[in-house]
Number of protein chains: 2
Amino acid sequence: MYTLTYTIKQKMQKDTTSENLPLAEIAYRAIREEILNNQFKAGEQVLEKALVERFGISRTPVREACVRLEKEGLIEIKPRHGIRVKPISVEDMAEIYDILTALESEAARILAEKQLTEEDYKSLAAPTEAMEQALENDQLEAWAEADEAFHLALVNLTGNQRLKQVVLQFWGQAHRVRYFTLHLRPKPTGSTQDHIDLVNAIKAGNANLAAEIHRNHRIKGKHTLLNLLETYRFVQL
Amino acid sequence: MYTLTYTIKQKMQKDTTSENLPLAEIAYRAIREEILNNQFKAGEQVLEKALVERFGISRTPVREACVRLEKEGLIEIKPRHGIRVKPISVEDMAEIYDILTALESEAARILAEKQLTEEDYKSLAAPTEAMEQALENDQLEAWAEADEAFHLALVNLTGNQRLKQVVLQFWGQAHRVRYFTLHLRPKPTGSTQDHIDLVNAIKAGNANLAAEIHRNHRIKGKHTLLNLLETYRFVQL
DNA sequence: GTGTACGTTAATGTATACATTAATTTTTAG
DNA sequence: CTAAAAATTAATGTATACATTAACGTACAC
């Protein structure tokens with residue numbers, strides 16, 4: 001059962017960053033965080049009233065938070081049955097991966113056609129090195145984090161804010177599933193090399209090659225994940 | 001100045017489709033429609049109070065509608081200054097076109113790898129024919145509508161609901177600008193052929209070619225539009 | 001025992017009241 | 001007359017009250 005470990009007001013005292021934020025924003029972030037962590041689990045339903053009581057705030061900001069989360073694709077609002085964390089099926093993951101493949105390959109293409117600074121390259125190289133390190137030390141969580149950082153840097157460097165936002169949105173939807181399967185999949189030894197190859201193609205200004213490399217990287221990832229989900233009979237998560 | 005021609009309640013009586021919809025949903029659709037039509041113009045600010053009075057409903061559903069529209073990228077909520085229709089700059093259009101290019105090319109690729117029915121092909125061929133017809137009769141609005149229908153069919157046939165939703169979202173953001181420039185641009189005579197070529201590539205099952213054709217089609221469209229915006233010094237719309 | 005009609009409950013959609021504070025106006029000190 | 005300070009206003013963020021109705025339970029007919 002979903003329960004919060006602290007109330008909003010406690011959070012507000014502790015957390016200096018949220019001091020001036022509207023309650024709706026705080027509630028939005030708090031609920032979102034718990035969904036991504038899998039503390040508020042897929043398929044689980046919670047009544048508005050329950051959220052209100054746990055947060056110690058009124059229905060209005062809770063409702064606003066829910067509306068935003070629904071638009072973001074993380075929950076469904078089911079009238080009279082509260083909100084429900086949208087479970088992600090194998091088909092959903094396929095949808096998400098196809099979108100990320102398209103958008104990130106486009107990002108790779110854009111970067112290859114753009115003049116990047118040393119700093120920019122560093123923001124790609126650093127996560128790649130972190131991935132390698134993490135793999136050597138068998139730290140899968142750290143690896144996943146560095147991998148996310150790389151992919152985020154990729155879209156970030158394009159300067160296309162909308163592209164970045166959409167990628168983050170779907171990344172959010174997929175996040176849970178990726179962490180579930182993290183310890184079940186074979187060691188992602190190929191990823192580091194793919195990233196290095198991609199950066200080289202970008203450096204060489206070869207847009208088609210960069211896009212192609214990243215497309216294949218993502219397709220590989222998609223297949224690994226979908227196979228895993230089917231092997232373990234995860235119908236939805 | 002932005003004024004509604006009818007109140008929500010009048011609309012509810014007329015419009016049987018919205019009979020059971022929540023007021024928040026009705027307000028959302030009404031405001032969205034007026035933004036897309038350019039009745040509620042880019043850069044224009046309206047106070048919540050004004051919307052409440054025009055719609056004859058309370059602040060709560062109006063607010064919910066605004067939150068949704070903000071998430072959708074159509075407006076900004078500016079505390080104490082109401083909501084503001086986000087103007088679209090040349091850079092914004094470039095961002096949007098890059099995303100649509102990536103997603104629709106992916107759609108083309110997916111369709112080429114998929115078995116489509118005769119019905120499916122019809123949903124692509126019909127808008128293409130409509131485009132040709134409209135062009136012959138110099139009906140630019142009809143042409144634009146058919147063109148939209150083609151692009152929508154393209155993503156729709158993939159079966160990827162998320163892909164479709166994202167494309168529609170950005171299409172919504174760009175809609176206004178496309179209509180602005182519709183009568184300023186050279187007759188889009190090449191578009192029909194591009195669409196025919198695309199369908200042929202899909203039929204032939206040539207995924208890379210299909211993606212490539214559509215990518216080039218979109219890039220052409222992007223350049224035409226951006227040049228137009230610069231020629232006419234439309235800094236933002 | 002089963003199924004239908006009725007009454008009750010409770011969750012949400014909507015309206016409204018209240019609190020907060022940015023923005024504006026007025027006042028006043030120099 | 002100028003500029004800082006104080007008072008006022010108004011818009012929003014939040015809380016709460018009210019209305020509606022789906023969902024549930026109970027009673028009754030058969």
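**Close-up views of the DNA contacts, a pocket and a hairpin**

**Figure 1. Phosphate contacts of DNA strand D with chain A.** A polar backbone atom of Leu23(A) lies 2.3 Å from a phosphate oxygen of DNA strand D. The model shown here and in the other views is predicted. The side chain of Ser58(A) places an N or O atom 2.6 Å from a phosphate oxygen of DNA strand D. For His81(A), the distance from a side-chain N or O atom to a phosphate oxygen of the strand is 3.3 Å. Two or more residues of the surface near DNA strand D come from each of helix 2 (23–37) of chain A, helix 4 (59–71) of chain A and helix 4 (59–71) of chain B.

**Figure 2. The protein surface near DNA strand D.** There are 16 residues around DNA strand D, and those that come nearest are Leu23(A), Ser58(A), Thr60(A), Arg59(B) and Arg63(B). Of the atoms of DNA strand D that come within 4 Å of the protein, 59% belong to sugar and phosphate. With three residues, helix 4 of chain A gives the most to this surface. Six residues of the surface are nonpolar, four are polar and six are charged.

**Figure 3. The second largest pocket and its lining.** The volume of the second largest pocket is about 540 Å³. Its lining consists of 22 residues, and Pro22(A), Glu64(A), Arg63(B), Ile77(B) and Pro79(B) lie nearest the centre of the pocket. Both chains contribute: helix 2 and helix 4 of chain A each supply at least two lining residues, as do helix 4 and strand 2 (75–77) of chain B. Helix 4 of chain B gives the most, with five residues. By class, ten lining residues are nonpolar, two are polar and ten are charged. Arg63(B) is named in two views, as one of the residues nearest the centre of this pocket and among those that come nearest to DNA strand D.

**Figure 4. The hairpin of strands 2 and 3 in chain A.** Strand 2 (residues 75–78) of chain A pairs with strand 3 (residues 82–85) of chain A in the antiparallel sense, over four bridges. One of the bridge partnerships joins Ile75(A) to Val85(A) in strand 3 of chain A. Three residues lie between the two strands of the hairpin, and Arg80(A) in the turn has a positive phi of about 75°. His81(A), whose side chain has an N or O atom 3.3 Å from a phosphate oxygen of DNA strand D, also appears in Figure 1.

Notes:
Residues numbered from 1 in each chain as written. Chains lettered and ligands numbered in written order. Predicted model: local features only at pLDDT ≥ 70, side-chain atom pairs only at ≥ 80, totals over all residues. Heavy atoms only, no water. Near = heavy atom within 4 Å. Polar contact = N/O pair within 3.5 Å; in protein donor to acceptor, adjacent residues only side chain to side chain. Nonpolar A, V, L, I, M, F, W, Y, C, P; charged D, E, K, R; others polar. 1 Å grid on protein atoms, 1.4 Å probe; cavity = no way out; pocket = protein on both sides within 12 Å on 5 of 7 lines; lining within 4 Å. Points joined across faces, edges and corners; volume = space filled by probe spheres on them. Pairing = 2+ DSSP bridges.
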